[in-house]
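Student: Could you walk me through this one? I have not looked at it before.
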Amino acid sequence: MLTPPPPPPDASARRAAPAVPVYASARLPPFDAAFYQKVREGIEKRAEIVVPPREGRAFAVRAGEIFRIICRDGPQVGDLNLWNAHNLCEHFFSGKTRAFHGTHVTAGHRLWSTLPHLRPLATITHDTLGWYGFDADGAGVHDVIGTRCDPYTNRLLRGTDYHHCCHSNLTRALASARGLTFAEAEPFVHDVLNVFMCTGFSRDRHHYIMKASPVRPGDYLEFFAEIDLLGALSACPGGDCAAGHSDDTARCFPLVIEIYRTRPEHLAGWQSPAPNPYRPPEA
Ligand SMILES: [Zn+2]
């Protein structure tokens, strides 16, 4: 570590500047709890996809449907990617979602899409781990901090090759779903929602930390699809991510994706959010 320069005489005054929110998130389109609660009633399961341990699977959800990511057999973290089913260039924007809603997401939060679209791809409608909040380590569940475990970082830090990192699993799932080669699919894989993962920043150095996920069989995270979606989920090789990832050490379990039809009468008057209307003057 390099030694930082000595603080200036007015360091205390500079540090005492008031902290204000970066974004006026209160001005986001409101979460209509009554609407989403109504939509959750009378849903009918139409598909179930099992994601084997250390693998990935893709799934398609139509606008207005509900999907759940379910822990069935044991504590397991999942890495989620979402794309506009009709345009892979519009996908989940982890950074802006974090800026709007915080480091961890739960029921009532939306998963936003990349620029220039910037609209909700999905809304979280139920979270059985919503009770967790932030623990004594400052850690919470379902983060939008991390990126996804990947073989390039693994090579960089450990000097070994591992082919079932979430990045690779998501790439293979997308390639399989769309008839692409691995190389064609890889650029569309993006920073994830870390479903069920328990993470935070260390108190002293603000480093990214993880701890054993509190998820247990029966827990699930539920989403309402705001537009037609293609999703991919990887059952992370880190298992509950208590100690590590990017190898075959951890005990891993499958994850289950369930997709539900909703009742048309509950969607009356609802329509998919439009892409952001801003247009640059050069366009
Ligand atoms: Zn992973």
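The chat below goes from the whole chain to one strand and one residue.

Tutor: This is a predicted model, in which local features need pLDDT of at least 70, side-chain atom pairs count only at pLDDT 80 or more, and totals for chains, interfaces and linings use all residues. Residues are numbered from 1 along each chain as its sequence is written.

Student: How many helices and strands does the protein chain have?

Tutor: The protein chain has six helices and 13 strands, where helices (H or I, at least four residues) and strands (E, at least two) are DSSP runs numbered from the N terminus.

Student: Is strand β7 largely enclosed or open?

Tutor: Strand β7, residues 120–127, has seven of its eight residues buried, so the rest of the structure largely encloses it; buried means that 20 or more other C-beta atoms, placed from the backbone, lie within 10 Å of the residue's own.

Student: And which strands pair with β7?

Tutor: Strand β6 (residues 110–112) pairs with β7 in the antiparallel sense over three bridges, and strand β11 (residues 220–225) pairs with β7, also antiparallel, over five bridges; pairing requires that DSSP finds at least two bridges between two strands. W112 stands opposite P120 in β7, while H126 stands opposite E222 in β11.

Student: New topic: what is L221 in contact with?

Tutor: Leaving aside neighbours within four places in sequence, L221 of strand β11 is in contact with R68, I69, I124, D127, H142 and V195, contact meaning C-beta atoms, placed from the backbone, within 7 Å. L221 is itself buried, with 27 other C-beta atoms within 10 Å.

Conventions
Buried ≥ 20, exposed ≤ 12 C-beta atoms within 10 Å, placed from the backbone. Contact = placed C-beta atoms within 7 Å.
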